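Please look over the sequence and the model shown here before reading on. The paragraphs below are meant to be read with both in view.

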Amino acid sequence: MPSTTVYNQAGEAVEQLELSEQVFGVTPNMAVLHQVVTAQLVNRRQGNASTKTRAEVRGGNKKPYRQKGTGRARQGSTRSPQFRHGGVVFGPRPHIYHHDVPKKMRRLAIRSVLSDKVANENLMVINELVLDTPRTKDMLTILSKFPASDGKKVLMILPQRDENVLLSTRNISNAKVQHVSSINVVELLKHDYVVMPVKTVRWIELVFGEGLSAEEASAKIAEDASTTAGSEA
């Protein structure tokens, strides 16, 4: 069973966390990864590039000069493709680039990337990521405690929106923060290191391992947190 070290915000090892084998311990499927990444990038395209044909360009209704006797090639319109300001032949037209990928394939691709991150020790788990006030310097101090601080791209995945963390990170060029429900293959591959709290790991295991929906996983984590708080009290 795969495992990883849990750190605190000071960069100190706190405990060893066992990870789900079916989420963080699978063999990466490169073929599925390629299909999912291609589909995700294609779906970002707006598909609104457009050109006008000779029938749509304004003007050109009059024959530019007589048919014979000029020594030039015969022309019927100045909006033919060979003329400046003429129409475009076989130019782009607005159309949809959308490409569907089955849900099972999308989830397998995410499990493959996460497993690769764990195998290469590029997944950093932190017990919690909390800032009292939004301050970029504090976030840089936290990141400097991890191996991910050496000019590498860092993706921080949070279990819930935290304005202080968001505001503290937005001026750091090599760091990005996103909610766990927005997890996707392209962002995981684009960043060298992934930093996530223990709650995020639990959410991912519930959704991609046990098959719960995002809402059910969030409710389950909130219920577990309240139960733990009540037992400690």
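What follows goes from the overall form of the chain to its charged pairs and then to a few single residues.

The model is a predicted one, and the values discussed here are all to be read in that light. The protein chain contains eight helices and six strands, and when these elements are read from the N terminus on, their order is β-β-α-α-α-β-α-β-α-β-α-β-α-α.

How does the radius of gyration of the protein chain stand against that of a compact globule of 233 residues? The globule would have a value near 17 Å, whereas the protein chain has 27 Å. The extents along the principal axes can be set beside that figure, since the C-alpha atoms fill a box of roughly 100 × 40 × 30 Å. Of the 233 residues, 37% are buried, and among contacts with a separation of 6 or more, 63% join residues that are 24 or more positions apart. The area that the protein chain exposes is about 14,300 Å², and carbon and sulfur atoms supply 49% of that area.

The charges deserve a separate look. The protein chain carries 32 positive and 23 negative charges, and the mean positions of these two sets lie 28 Å apart. Side chains of opposite charge can pair when their charged atoms come close. With a cut-off of 4 Å between a side-chain nitrogen of Lys or Arg and a carboxyl oxygen of Asp or Glu, the count comes to seven salt bridges.

One of these pairs is formed by Glu-187 and Lys-176, whose side chains meet with an N to O distance of 3.2 Å. Because Glu-187 belongs to helix H6 (residues 185–190) and Lys-176 to strand E5 (residues 175–179), the pair ties together parts that are 11 residues apart in sequence. Is Glu-187 buried or exposed? With a relative accessibility of 5%, Glu-187 counts as buried, while its partner Lys-176, at 33%, counts as partly exposed. The pair also has a wider setting, in that Arg-44, Lys-176, Glu-187 and Lys-190 are linked in a network of salt bridges.

Two further pairs can be described in similar terms. Glu-163 forms a salt bridge with Arg-161, and the closest N and O atoms of the two are 2.6 Å apart; Glu-163 is partly exposed at 39% relative accessibility, and Arg-161 is exposed, with a relative accessible area of 61%. The side chains of Glu-210 and Arg-202 meet in a salt bridge with an N to O distance of 3.8 Å, and Arg-202 is partly exposed, its relative accessible area being 30%.

Attention can now return to the part of the chain around helix H6. His-191 is found in the loop between H6 and strand E6 (193–197), and despite this loop position His-191 is buried, with a relative accessible area of 6%. Which residues does His-191 touch once its neighbours within four places in sequence are left aside? The contacts of His-191 are Lys-117, Lys-153, Val-154, Leu-155 and Lys-176, and the last of these, Lys-176, is the residue that pairs with Glu-187 in a salt bridge.

Helix H3 (residues 103–119) holds Asp-116, which counts as partly exposed at 35% relative accessibility. Although Asp-116 and Leu-189 are 73 residues apart in sequence, their C-alpha atoms are 9.8 Å apart in space.

The loop between helices H2 and H3 offers two residues to inspect. Thr-51 lies in that loop, and the C-alpha atoms of Thr-51 and Phe-90, which are 39 residues apart along the chain, are separated by 8.8 Å. Leaving aside neighbours within four places in sequence, Thr-51 is in contact with Glu-56, Val-88, Gly-91, Pro-92 and Arg-93. His-85 is also found in the loop between helix H2 (30–43) and H3, and His-85 is exposed, with a relative accessible area of 54%.

The backbone of His-85 has a phi near 70 degrees, a positive value in a residue other than glycine. Glu-121 likewise has a positive phi, near 55 degrees, and is not glycine. Glu-121 is found in the loop between H3 and strand E3 (123–126), and at 63% relative accessibility Glu-121 counts as exposed.

Terms used:
Residues are numbered from 1 along each chain as its sequence is written. This is a predicted model: local features need pLDDT of at least 70, side-chain atom pairs count only at pLDDT 80 or more; totals for chains, interfaces and linings use all residues. Side-chain values use heavy atoms; hydrogens and water are left out. Buried means under 20% relative accessible area, exposed over 50%, partly exposed in between (1.4 Å probe, protein chains only). Helices (H or I, at least four residues) and strands (E, at least two) are DSSP runs, numbered from the N terminus. The radius of gyration is taken over C-alpha atoms; the globule rule is 2.2 Å times the number of residues to the power 0.38. Contact means heavy atoms within 4.5 Å. Accessible areas come from the Shrake-Rupley method with a 1.4 Å probe; for residues, only the protein chains shown count as cover. Lys and Arg count as positive and Asp and Glu as negative; His and the chain ends are not counted. The place of a charge is taken as NZ of Lys, CZ of Arg, CG of Asp or CD of Glu.
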